[in-house]
Amino acid sequence: MRPLTSAKRVMNGSKGKLYLDGEYVAGVVSFSAKVAWTKETVYLDGTIMEDQKTISGKGTGSLEMEKVSSFMLQKVGEAVRSGLDVRFTMRSELNDPDAYGAERVEIKNISFDEVDIANWSRGKKVTGTYPFTFSDWTLIDVVEETE
């Protein structure tokens with residue numbers, strides 16, 4: 001990795017787009033997906049230092065949206081209401097023209113933890129946050145430094 005020599009290379013989240021099962025998701029305020037590793041301590045022979053062995057991982061994430069339609073209620077709420085354990089795929093795209101390229105990641109086997117049925121306050125814009133878990137992902141395009 002080389003030194004950052006121009007601020008314009010830092011990616012701008014405003015250039016992000018999100019797709020849920022191939023459908024564009026409008027009004028995304030923020031999106032995150034991460035994996036936390038479960039580790040167990042291993043004591044190494046002949047030393048007092050502890051090491052860690054990765055045992056498993058858990059994918060979690062969150063989608064925050066401005067309410068522009070009933071998209072999430074229809075897509076997620078009605079599917080789960082039917083009694084099915086419905087799973088989704090999301091594609092995150094971050095494509096800032098000043099950056100070194102575009103990053104595209106597909107997050108798979110998404111299970112939403114909750115969905116807003118109704119959520120609003122007088123005098124405030126309406127937003128919703130949708131936490132989820134997932135079990136797989138694929139890097140489609142990665143950003144690599146050039147120059």
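This report looks at a pocket, a buried serine and some aromatic rings in a predicted model.

## Ground rules

Since the model is predicted, local features need pLDDT of at least 70 and side-chain atom pairs pLDDT 80 or more, while totals for chains, interfaces and linings use all residues. Numbering runs from 1 along each chain as its sequence is written, and side-chain values use heavy atoms, with hydrogens and water left out.

## The largest pocket

Here 25 residues make up the lining, with Gly16, Lys17, Phe31, Ser92 and Glu93 nearest the centre. (A pocket is an open set of points on a 1 Å grid over the protein atoms alone, where a 1.4 Å probe fits, with protein on both sides within 12 Å along at least five of seven lines; lining residues have an atom within 4 Å of a point.) Strand S3 chips in the most, with eight residues; strands are DSSP runs of E, at least two residues, numbered from the N terminus.

## Ser111

Ser111 sits in strand S6. At 16% relative accessibility, Ser111 counts as buried (under 20%; exposed is over 50%, partly exposed in between, with a 1.4 Å probe and protein chains only). Leaving aside residues up to four places away in sequence, Ser111 touches Asp85, Val86, Arg87, Phe132 and Thr133, contact being heavy atoms within 4.5 Å.

## Aromatic rings

There are six aromatic pairs (ring centres of Phe, Tyr or the six-membered ring of Trp within 6.5 Å; planes under 30 degrees apart are stacked, over 60 edge-to-face, the rest tilted). Phe88 and Phe112 go edge-to-face, 5.7 Å centre to centre and 65 degrees between the planes. Both Phe88 and Phe112 are buried.

Terms used. Helix = DSSP H or I, 4+ residues; strand = E, 2+ residues; numbered from the N terminus.
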